[in-house]
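Here is a brief report on a protein chain and the ligands placed with it. The sequence and the model come first, and the notes follow.

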Amino acid sequence: EKVTLSVIKADVGGLCGHTLAPEELLDAAEYVLENALDETLIDYYVTNCGDDIDMIMTHNKGTDNEEVHKLAWDALEAATEVAKELKLYGAGQDLLSTSFSGNVKGLGPGCAEMEFVERPSEPVVVFCCDKTDPAAFNLPFYRMFSDPFSTAGLVYDPSMTTGFRYEVLDVMEHKRVFMDSPEETYSLLALIGNTEKYAVKRVYRRKDNEIAAVCSSEKLNMIAGEYVGKDDPVAIVRAQSGFPAVGEVLEGFANPHLVAGWMRGCHFGPIMPVAEEDAMPARFDGPARVMALGFQLSHGRLVGPNDLFADKSFDKAREKALDMAEMMRSMGPFMPHRLPESMMEYTSVPKVLAQLKDRFLEMDEGCECKLDEIRERGDME
Ligand code: 13P
Ligand code: 13P
Ligand code: MG
Ligand code: MG
Ligand code: MG
């Protein structure tokens, strides 16, 4: 029988500011999920990455199932009630609709789901992020599924040597394209190296079209039409036996890369792999965090998690991320720490620029006025 792994997440309030979703919120969400065990869910695990609540759920109802999405929505609404009661910052931030309508997609929460026949042993890694956007996974997915210097299995495992297929979203044009690795890796990189426009949605194993990875890619800011925080992503990756080994999956984050997000969603900064207890971004509201929770599925039961980035061997990555953070911060409001204008469309920055609009003069016109003024004052021949 097939099992579905659904990760649905949202930010419904922070303690304080955008730093943390406190226990009270997780408890409220958990209470709703607990009551749905047996009837809707097989199992669940609720955690947070910074101010985002991540609900990891298993069931037999397939992806995009209304009952499961409604349950997740109810849990997030319950947490929102508590957030409002506590007057947490941005209470209900990511719930952009007042009512549920069939699927959480388009309503604000992020969602990554996959359905598969559970293997004799089914290791999965669930990644949860804060202070960044879905394209943050482009580079690590490439490392996991296309870079043999990162994933040795691409060279050693006969079921992986035929490669992987990427489903890439054009988040601006709302289109998608399938690209095959390794044959098309150069063109694939031409797309996904542009993290402003393209985000990897899913990865499939080409040998048998088995789903290997999926990422949430809801465009929160575009849905809201104004800045309401970043669409901090989650992702699921299956590991071992024809998929990258767990350590190969994690290796994608061993060399921190720069991602969009951080303070006010307006800055590039490193993404730092952290343990669950260290997922509370505070410095300049960041830098971006990623947690990796390892589970073994057992007839849909979530055995675990193993908090994989708690491993000491990621200390160097964290140190490096902190050095990168320092370097980027020194740029203040200057690019390339600051995002380009095209990526700030849904932040508060365009409002500031709009205020300056009428102050601009044609370049020639401006110079003449100034020169005349100066001549009149007699400062110039
Ligand atoms: P173990 O001998 O610890 O099971 O390791 C096997 C392996 O393949 C590690 O990548
Ligand atoms: P979140 O998307 O995590 O709420 O971050 C918003 C923000 O503005 C951080 O400075
Ligand atoms: Mg927030
Ligand atoms: Mg967040
Ligand atoms: Mg957010």
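## Loops, metals and a ligand site

Asp-38 sits in the loop between H1 and S2. The model is predicted. Asp-38 is not a glycine, yet its phi is positive, at about 75°. With 77% relative accessibility, Asp-38 counts as exposed.

Asp-285 also has a positive phi, near 60°, and is likewise a residue other than glycine. Its place is the loop between S12 and S13. Asp-285 counts as buried because its relative accessibility is 18%, and the cut-off for buried is under 20%. Asp-285 is also listed among the closest residues to ligand 2.

That S12–S13 loop, between strand S12 (267–273) and strand S13 (288–298), holds Pro-287 as well. The peptide bond from Gly-286 to Pro-287 is cis, with omega near -15°. A cis bond also runs from Met-335 to Pro-336, with omega near 5°. Pro-336 lies in the loop between helix H8 (315–329) and helix H9 (349–356).

### The magnesium ions

The protein donors of three magnesium ions are set out here.

| Ion | Protein donors | Distances |
|---|---|---|
| Magnesium ion (ligand 3) | Asp-11 (OD), His-18 (ND1), Asp-51 (OD) | 2.0 to 2.1 Å |
| Magnesium ion (ligand 4) | Asp-51 (OD), Asp-52 (OD), Asp-130 (OD), Asp-232 (OD) | 2.0 to 2.5 Å |
| Magnesium ion (ligand 5) | Lys-230 (O), Asp-232 (OD) | 2.1 to 2.2 Å |

Which residue bridges the magnesium ion (ligand 3) and the magnesium ion (ligand 4)? Asp-51 does, and the two ions lie 4.4 Å apart. The magnesium ion (ligand 5) is 5.0 Å from the magnesium ion (ligand 3).

Start with the magnesium ion (ligand 3). Its donors are spaced D-x6-H-x32-D along the chain. Two of these donors link distant parts of the chain: Asp-11 is in the loop between strand S1 (2–10) and helix H1 (23–34), while Asp-51 is in the loop between S2 and S3, 40 residues apart. Asp-11 and Asp-51 are both buried.

Next comes the magnesium ion (ligand 4). Its donor residues follow the spacing D-D-x77-D-x101-D in sequence. Here too a pair joins distant parts of the chain. Asp-51 is in the loop between strand S2 (43–49) and strand S3 (52–59), and Asp-232 is in the loop between helix H6 (220–224) and strand S10 (234–238), 181 residues apart.

The magnesium ion (ligand 5) has a backbone-type donor label, O, on Lys-230, and an OD donor on Asp-232. Lys-230 counts as buried because its relative accessible area is 9%. Asp-232 has 4% relative accessibility, so it is buried too.

### Ligand 2 and its shell

How many residues surround ligand 2? There are 14, and the closest are His-18, Lys-131, Lys-230, Arg-264 and Asp-285. By class, the shell has 3 nonpolar, 3 polar and 8 charged residues. Domain 1 (1–117) and domain 2 (118–348) each supply at least three residues to it.

Several polar side chains approach oxygen atoms of ligand 2. An N or O atom in the side chain of Lys-131 is 2.6 Å from one. For a polar side-chain atom of Gln-93, the distance to an oxygen atom is 2.9 Å. For Asp-232 it is 3.1 Å. Taken alone, ligand 2 exposes 300 Å², and the protein buries 98% of that.

### Lys-131 and helix H3

Lys-131 belongs to the loop between strand S5 (122–130) and helix H3 (138–146). Lys-131 counts as buried because its relative accessibility is 7%. The side chain of Lys-131 also makes a 2.8 Å polar contact with the side chain of Asp-130. A polar atom of the Lys-131 side chain lies 2.8 Å from the backbone oxygen of His-18. Asp-130 is a donor to the magnesium ion (ligand 4), and His-18 is a donor to the magnesium ion (ligand 3).

Helix H3 is mostly covered, with 7 of its 9 residues buried. Among them are Phe-141, Tyr-142, Met-144 and Phe-145.

### Strand S6

Leu-169 is in strand S6 (residues 164–170). At 17% relative accessibility, Leu-169 counts as buried. Leu-169 and Ser-217 are 48 residues apart in sequence, but their C-alpha atoms are 8.6 Å apart in space.

Methods:
Residues are numbered from 1 along each chain as its sequence is written. Chains are lettered from A and ligands numbered from 1 in the order in which they are written. This is a predicted model: local features need pLDDT of at least 70, side-chain atom pairs count only at pLDDT 80 or more; totals for chains, interfaces and linings use all residues. Side-chain values use heavy atoms; hydrogens and water are left out. A residue is near a molecule or strand if one of its heavy atoms lies within 4 Å of it. A polar contact is a pair of N or O atoms within 3.5 Å; within protein, one must be able to donate a hydrogen and the other to accept it, and residues adjacent in sequence count only if both atoms are side-chain atoms. Accessible areas come from the Shrake-Rupley method with a 1.4 Å probe; for residues, only the protein chains shown count as cover. Ala, Val, Leu, Ile, Met, Phe, Trp, Tyr, Cys and Pro count as nonpolar, Asp, Glu, Lys and Arg as charged, and the others, Gly among them, as polar. Domain bounds come from an automatic or database domain assignment. Donors are N, O and S atoms within 2.8 Å of the metal (3.2 Å for Na, K and Ca); water is not among the atoms, so sites may look incomplete. Helices (H or I, at least four residues) and strands (E, at least two) are DSSP runs, numbered from the N terminus. Buried means under 20% relative accessible area, exposed over 50%, partly exposed in between (1.4 Å probe, protein chains only).
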